[in-house]
Amino acid sequence: MLKKVLVANRGEIALRILRACKELDIKTVVVHSTADEKEMFVRLADESVCIGPPQVKNSYLNIPSIISAATIANADAIHPGIGMLSENSNFAKIITDHGFKFIGPKNEHIQKMANKIEAKSIAKKVGLPILPGSSDNVLDYLEAKSIAENIGYPIIIKSTNGGGGRGIKVVLKEKELKNNFLLAKKEAELSFGSNQVYIEKYLTNPRHIEIQVLCDNQGNAVHLGERECSIQRRNQKIIEECPSPAISESDRKKICETTIKAMKKIGYFNIGTVEYLYSNGNFFFMEMNTRLQVEHTVTEEVYNIDIVKEQINISSGKKISLKQDEIKKNGHSIECRINAENPITQLPSTGLIKTYHPPGGPGIRIDSALYSGCNISSFYDGLISKLVCKGNTRHECIMKLKRALDEYVIEGVQTNIPTLKKIIQTRDFIQGNFNINWLNTFLK
Ligand code: MV4
């Protein structure tokens, strides 16, 4: 069993991992920048090592400093958290090369799933449904033209080494293809250092549905159902929920079992999330995330399982604590991401948190490292809190969400709470009638 874990991240996710470690009686050490010296995740860790200035490239992304801190603290393992270095296969390899346990998937899977073409080729090989499109990088415009004619417009051009929403171009008809193809290659080059792109049939109004998987190194692989993540703006998830209001029990069974079979064929290890586009009752593989996700919380609330504790346990060689037939879906959970931002422009809002009063009561969970007196800087991601509600039904969950958003007091920075309040009171949201384009349209 692990004795001490170094958390190579900050803020709410660092706190989340600390909490799991403490419940497993594992000592914790965190690394932090000079800007985070007074942050809650530093205060609650057993040990802390300052590894650099506020800029992430000189602190939280500084691999030699993190490895040095793990050595000084005599940590057994390193948890990368979310974002930062969490999908950097080089980081995972350096960690294991230096004798530390990496709390995450196998290096090869991190690497393969980061390349969207390779991920899609693996997905196809192991029986996951994929969209028509190019089976490899598209080298030039003439090849793009031929592929587009073959699958039919509209098509989407994506960066092979991309992810999130960057380097994406939607082409509705042929005359727009040449410029968009050249632009996509240029953007891919600038964003990801590689101008490789691929083409897929474009789905106009899909939902974003993702499946949570847990795989140990003793051949056990379980799914924890799906999460609905369609309420997004500029590829930033704002509201996530479990289960999806659009997925029938038979849909759920089909896609979850297909996903688990695929994980077993891959020989996947640790936790992961398989992302699908869902349209007209059909799922299509989009990408796989080889790390813990911000929205893991709603799955924990509905399936009554601590995903981070499971991840730490399976990383130290233990088996998953539950068999698939012991894992039961119960109730509904919705998460609202609370960002420090101007609710109109979405520009970052920074400052000292003068007053902080989180909501409480039945069915409310707050995952946040905020406290009165803490400082929100522009060096880091604007996610300052996750408001997670759990109810017996989706309706009860929405009622709790409304109450909690009304109770939540955060003074000192602007937040997107007003926008969240508007969204959850719309007929579309209440009826679960939305897709990935809904929020952009609603906010226009
Ligand atoms: C798509 C798509 C429609 N059709 N692929 C966005 C980022 C990356 N995950 C892939 N994305 C998309 N791929 C096909 N064939 C629409 C999107 C997309 C999207 C997907 C999920 C959630 C939000 C999104 C916002 C814009 C575009």
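## A three-stranded sheet and its helices

In this predicted model, 3 strands make up an open, antiparallel sheet in the order β7-β6-β8. Strands here are DSSP runs of E with at least two residues, helices are runs of H or I with at least four, both numbered from the N terminus, and two strands pair if DSSP finds at least two bridges between them. β7 and β8 are the edge strands, each pairing on one side only. From one strand to the next, the twist averages 25°. Strand β6 is joined to β8 by 5 bridges, and Lys158 has Tyr198 in β8 as its bridge partner.

| Element | Residues |
|---|---|
| β6 | 155–159 |
| β7 | 169–171 |
| β8 | 197–201 |
| α7 | 141–151 |
| α8 | 177–192 |

Helix α7 packs on the sheet, touching β6 and β8 (contact means heavy atoms within 4.5 Å). Its direction makes about 15° with that of β8; axes are lines fitted to C-alpha atoms, for helices over the stretch in contact, and angles run from 0 to 180 degrees between N-to-C directions.

Now to α8. Its buried residues (under 20% relative accessible area, 1.4 Å probe, protein chains only) include Leu177, Phe181 and Phe192. Seen down the axis, the buried residues of α8 fall within an arc of 135°, taken from the directions from the helix axis to the C-beta atoms, so they line one face. They pack against α7, β6, β7 and β8. On the other side, Asn179 and Leu190 are exposed (over 50%). Just after α8, Gly193 takes a positive phi of about 75°.

Residues are numbered from 1 along each chain as its sequence is written, and side-chain values use heavy atoms, leaving out hydrogens and water. Local features need pLDDT of at least 70 and side-chain atom pairs count only at pLDDT 80 or more, while totals for chains, interfaces and linings use all residues.

How values were computed: Expected span 1.5 Å × (residues − 1).
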